[in-house]
Amino acid sequence: GDILDDYLRTDGVWILTRNKQSYTTNSERECAEKCEDERSFNCRAFLFTRIKQQCLTLAENSKTTLMFNSTDAVLYEKKIYLLQCKRGNGKDYRGTEAKTQKGIPCQKWADKVPHKPNFTPEKHPHAGLEENYCRNPDMDENGPWCYTTDPTTRFDYCNIPECEIECMQCNGEDYRGNVSRTESGFQCQHWDSQEPHMHGFLPENFPEKDLKMNFCRNPDGDLRPWCFTTSPTKRWEYCDIPRCTTRPPVSGSSSQCLSGKGEDYRGRVSVTESGSTCQHWNTQFPHRHGWIPDSYPCKGLEENYCRNPDGEKRPWCYTINRDVRWEYCAIPHCDGTEQQSAGMSTDVLEQSPVSEECYRGKGLSYRGTASFTVSGKECQAWNSMFPHRHEKTPDKFPNADLRENYCRNPDADERPWCFTTDPGVLWEYCSLKRCDDQIQE
């Protein structure tokens, strides 16, 4: 295959490193060959500038040093040095784990105390024996190991997870791989960037979602990992990441009672707190919705049981009442405390305006009839191409309920929005409040 297949490409960035070599080359492939042939140090990445056609081979990568924006530069990093998992017996593992499975710090491979090593960087220059990182220079079937800093324990194995980073379990909410292009080939926009698309998914706002670099992620519980694109005309798109062939790990608690927000609740309550029977998740009547069991295999959307697939306050369901789209369910707490009755619950107040006056979460399920933006502009009908041509049509987004000119959120934006009837303003967010904010007021 292409020599560049072994590298992860990132456009428009530069990294600082003292240990580097400069070459003049005609292409990225020639620069990659310089990196492969580098003898001054262990080449982990290279930078190529298009205008000057300058090639810099680097001893470090984005995991070990600082990174900056640089319009003309392209960074190529060897994928093997970005992996924090092992493939097979881990003989090619080049991650930075430096303690044993029992937590004992590793001895540096170049050190002679407390243990005199048989495997050293000099004797095995191609085994990656750097610092005190776990390695497998002798191809031990039990995987990467290291000499330990405990005088009574010469060596021990390291706890390195198996690699399946290029596949996803469930809907990919735990996907932490390095795919950074969408299914139709667009390069992903960096999560910490607001160009060309402004958004609210900043790494500091979602520290647990691993919004690194421009890697595909699923921070909002969507169908599968996605990213904003670097194309000004394509706000976002899903990434083409296959499902893992192994079964997802079984959750430790498939709870029959309410703990926390009840996201792990798998009981059989199928009635809302006001007594309405729940609609089956695999039906679209009387309420159309996007929570289809086949699309969300790990959310427990069985029968018409109450569930919490979207991180709401507690389990809920759509109801069979045409006039009430959804309600919370009365699930007993695991600690034995009782919920308030429907007549006393403040959350009941939240139900009446849900479909009309306010939205939950990011408003993906909002189905009200608001049709004006925050600045008072009237919304353009979704099936109209005047005054603005667009791709957000009812045909392309059948589950987004793009009726009339009602405010909706078909593309997982920050909140419901619409195209405007003002020729000079393409779109704006709608004049809607979050349901939580309204109850607080």
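Select domain 2 and domain 3 together: their centres, taken over C-alpha atoms, are 34 Å apart. The model is predicted, so local features are reported only at pLDDT of at least 70 and side-chain atom pairs only at pLDDT 80 or more, while totals for chains, interfaces and linings use all residues. Residues are numbered from 1 along each chain as its sequence is written, and side-chain values rest on heavy atoms, with hydrogens and water left out.

**The domains**

Colour the protein chain by its domain assignment: domain 1 (7-81), domain 2 (86-163), domain 3 (181-249), domain 4 (250-333) and domain 5 (356-440). These bounds come from an automatic or database domain assignment.

Next, compare the record. The unreviewed UniProt entry carries the annotation "domain: Kringle" for residues 84-163, 166-244, 256-334 and 357-435. Its positions are given in the numbering used here, with feature names shortened, and annotations may be inferred rather than shown by experiment.

Select residues 84-163: the end C-alpha atoms lie 8 Å apart, and the span is 0% helix and 8% strand. Then select residues 256-334, where the end C-alpha atoms are 8 Å apart and the chain is 0% helix and 8% strand. Helices (H or I, at least four residues) and strands (E, at least two) are DSSP runs, numbered from the N terminus.

**Strands S1, S3 and S5**

Move to strand S1 (residues 7-15) and strand S5 (residues 67-78), which run antiparallel and are joined by 8 bridges. Two strands pair if DSSP finds at least two bridges between them. Tyr-7 has Lys-78 in S5 as its bridge partner.

Now add strand S3 (residues 45-49), which pairs with S5 in the antiparallel sense over 5 bridges. Leu-47 stands opposite Leu-75 in S5.

**The second largest pocket**

Keep S1 and S5 displayed and turn to the second largest pocket, with a volume of about 1,300 Å³. Two of the elements that give two or more residues to its lining are S1 and S5, and helix H1 (28-37) is another. The largest share, 3 residues, comes from S1.

A pocket is an open set of points on a 1 Å grid over the protein atoms alone, with protein on both sides within 12 Å along at least five of seven lines; a cavity is a set where a 1.4 Å probe fits but cannot get out, and lining residues have an atom within 4 Å of a point. Grid points are joined across faces, edges and corners, and a volume is the space filled by probe spheres set on the points.

Which residues lie nearest the centre of this pocket? Select Cys-43, Lys-78, Lys-79, Ile-80 and Tyr-81, which belong to a lining of 48 residues. The lining divides into 19 nonpolar, 11 polar and 18 charged residues. Here Ala, Val, Leu, Ile, Met, Phe, Trp, Tyr, Cys and Pro count as nonpolar, Asp, Glu, Lys and Arg as charged, and the others, Gly among them, as polar. At least three lining residues come from each of domain 1 (7-81) and domain 2 (86-163).

**The second largest cavity**

The model has 3 cavities of 30 Å³ or more. The second largest has a volume of about 50 Å³. To find it, select Gln-284, Arg-288, His-289, Arg-367, Pro-398, Asn-399 and Asp-401, which line it. By class, this lining has 1 nonpolar, 3 polar and 3 charged residues. Domain 4 (250-333) and domain 5 (356-440) each supply at least three of its residues.

**A disulfide**

With a disulfide taken as a pair of cysteine sulfur atoms within 2.5 Å, the count is 12. Select Cys-134 and Cys-158, whose sulfur atoms are 2.1 Å apart. The torsion about their S-S bond is about -85 degrees, so this disulfide is left-handed. The pair links distant parts of the chain, 24 residues apart: Cys-134 is in the loop between S5 and strand S6 (145-147), and Cys-158 in the loop between strand S7 (155-157) and strand S8 (226-228).

**Backbone details in the loops**

Most residues other than glycine have a negative phi, and most peptide bonds are trans. Go to Pro-114, in the loop between S5 and S6: the peptide bond from Val-113 to Pro-114 is cis, with omega near 0 degrees.

Continue to Asp-210, in the loop between S7 and S8. Asp-210 is not a glycine, yet has a positive phi of about 55 degrees.

Finish at Pro-387, in the loop between strand S12 (358-359) and strand S13 (417-419). A cis peptide bond joins Phe-386 and Pro-387, with omega about 5 degrees.
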